Amino acid sequence: MVQSIAFIGLGNMGAPMAGNLVKAGYTVTGFDVAEAARKNATERGVRVVETIGGAVGGADTVITMLPNGELVLDVWRQLVGILSPGTLVIDSSTIDVEGARAAHGLLPECLTIDAPVSGGTGGAEAGTLSFMLGGDAAAIEAARPVLEPMAGRIIPCGAAGAGQAAKLCNNMLLGISMIGAAEAFVLGEKLGLDHQALFDVISTSSGQCWSVNTYCPVPGPVPTSPANRDYAPGFASALMLKDLRLANQAATDSMAMTPLGAHALKLYEAFVASGHAHEDFSAIIALLRAAKSVDDGGID
Ligand code: NAD
């Protein structure tokens, strides 16, 4: 049974995830390059050390939660030769599918899992994240008890890289559907429709989707949606842009036809470039309202 966990990357997601493992009774040793992250994790009961080697020494599980694929590969390369065979190694960052597969290949003697999450910082705090898993069956079974204190749902998706693949497909659809929801509300405004009336129709009719029913991009109909707090995230537009870039790269590499994903990427690039990186991704509705012509779409 896993007792001792090394947690590398103690940022907005990693610190509360590591904190939930501490609460569940695991000994968690952490490492992060940023002082603020180290302090936050220490306050959550994580024993923070000065090096990656110091964090993983004696650990039977290693978890990485880092900003991008290059950093994940850089950290996983540092694990080569220092982990005992059979160590469970989990990456929960959102990264490219090829990078995830390459990471698995670095540690063939270990039980490796790509396990990206959805649910955001709220889910990380509450221990209700959805984990999408890629890896072989033995690794997935070994990972379950470790993930459970951080998880609402654990969904095995297939072989190495399948967790990242599922995450990118989901988030591409989320970006597209949020733009679609925003378009419907902007058109409704132009046609003189009340937001609540339009919400009451769409949320119970064939246009219903998470972007309308749970995360409505206009204030009022769904009190918990970021639109009611000046679009404070939630899920920042910069992170949606990151995920759309990864999805479009995966589409190019695999020759999948994703024209709406490609267009969603262009719209979020324009939105982030115009100073909205830190606003929730549902604030993209402002880009549509600001469009200068019907085929401008907010992009000059
Ligand atoms: P973050 O930037 O808050 O945290 C990343 C941490 O990694 C930082 O504290 C940084 O100092 C640390 N770090 C960078 N390089 C390092 C290294 N070489 N060694 C050790 N630590 C290092 O990011 P986050 O919001 O916690 O997101 C982490 C991952 O989770 C990303 O891949 C992101 O796309 C994904 N994700 C984020 C959310 C969200 O809502 N924030 C939701 C789902 C998935």
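How far is an oxygen atom of the ligand from an N or O atom in the side chain of Asp32? In this predicted model, the separation between the ligand oxygen and the Asp32 side-chain atom is 2.6 Å. Taken alone, the ligand exposes 840 Å², of which the protein buries 85%.

**Ligand surroundings**

The ligand is surrounded by 23 residues, and the closest are Asn12, Met13, Asp32, Leu66 and Lys242. Backbone atoms also take part in the polar contacts: an N or O atom of the Met13 backbone lies 2.8 Å from a ligand oxygen, and a polar backbone atom of Thr94 lies 3.0 Å from an oxygen atom of the ligand.

**Annotated domains and helix α1**

According to the unreviewed UniProt entry, residues 4-157 carry the feature "domain: 6-phosphogluconate dehydrogenase NADP-binding"; this span is 41% helix and 25% strand, with its end C-alpha atoms 26 Å apart. The record, again unreviewed, lists "domain: 3-hydroxyisobutyrate dehydrogenase-like NAD-binding" at residues 161-288, where the chain is 63% helix and 0% strand and the end C-alpha atoms lie 35 Å apart.

Helix α1, formed by residues 14-23, is mostly covered, with 8 of its 10 residues buried; among them are Gly14, Pro16, Met17 and Leu21. Just after α1, Gly25 adopts a positive phi of about 105 degrees.

**Salt bridges within helices**

Side chains of opposite charge can pair when their charged atoms come close. The model has 7 salt bridges, including the three tabulated here.

| Salt bridge | N to O distance |
|---|---|
| Arg38 and Glu35 | 2.8 Å |
| Lys39 and Glu43 | 3.1 Å |
| Arg144 and Glu141 | 3.3 Å |

Because Arg38 and Glu35 are 3 residues apart in helix α2 (residues 35-43), they are separated by about one helical turn. Lys39 and Glu43 also both lie in helix α2, at a spacing of 4 residues, or about one turn of the helix. In helix α7 (residues 137-147), Arg144 and Glu141 are 3 residues apart and therefore separated by about one helical turn.

The accessibility of the partners can be stated in turn: Arg38 is buried, at a relative accessible area of 18%, whereas Glu43 counts as exposed at 60%. Arg144 is partly exposed, with 25%, and Glu141 is partly exposed, with 48%.

**A nonpolar surface patch**

Leu187, Leu191 and Leu193 together form a nonpolar patch on the surface, with about 310 Å² of accessible area. Of these, Leu187 is found in helix α8, which comprises residues 162-190, and Leu187 counts as exposed because its relative accessible area is 51%, the cut-off for exposed being over 50%.

Technical notes. Residues numbered from 1 in each chain as written. Predicted model: local features only at pLDDT ≥ 70, side-chain atom pairs only at ≥ 80, totals over all residues. Heavy atoms only, no water. UniProt positions renumbered as here; feature names shortened; annotations may be inferred. Helix = DSSP H or I, 4+ residues; strand = E, 2+ residues; numbered from the N terminus. Patch = residues over 30% accessible without salt bridge, like charges linked within 9 Å, V, L, I, M, F, W, Y side chains within 5 Å. Areas by Shrake-Rupley, 256 points an atom, 1.4 Å probe, with all protein chains shown as cover. Salt bridge = Lys/Arg side-chain N within 4 Å of Asp/Glu carboxyl O. Buried < 20%, exposed > 50% of the residue type's maximum accessible area, 1.4 Å probe, protein only. Near = heavy atom within 4 Å. Polar contact = N/O pair within 3.5 Å; in protein donor to acceptor, adjacent residues only side chain to side chain.
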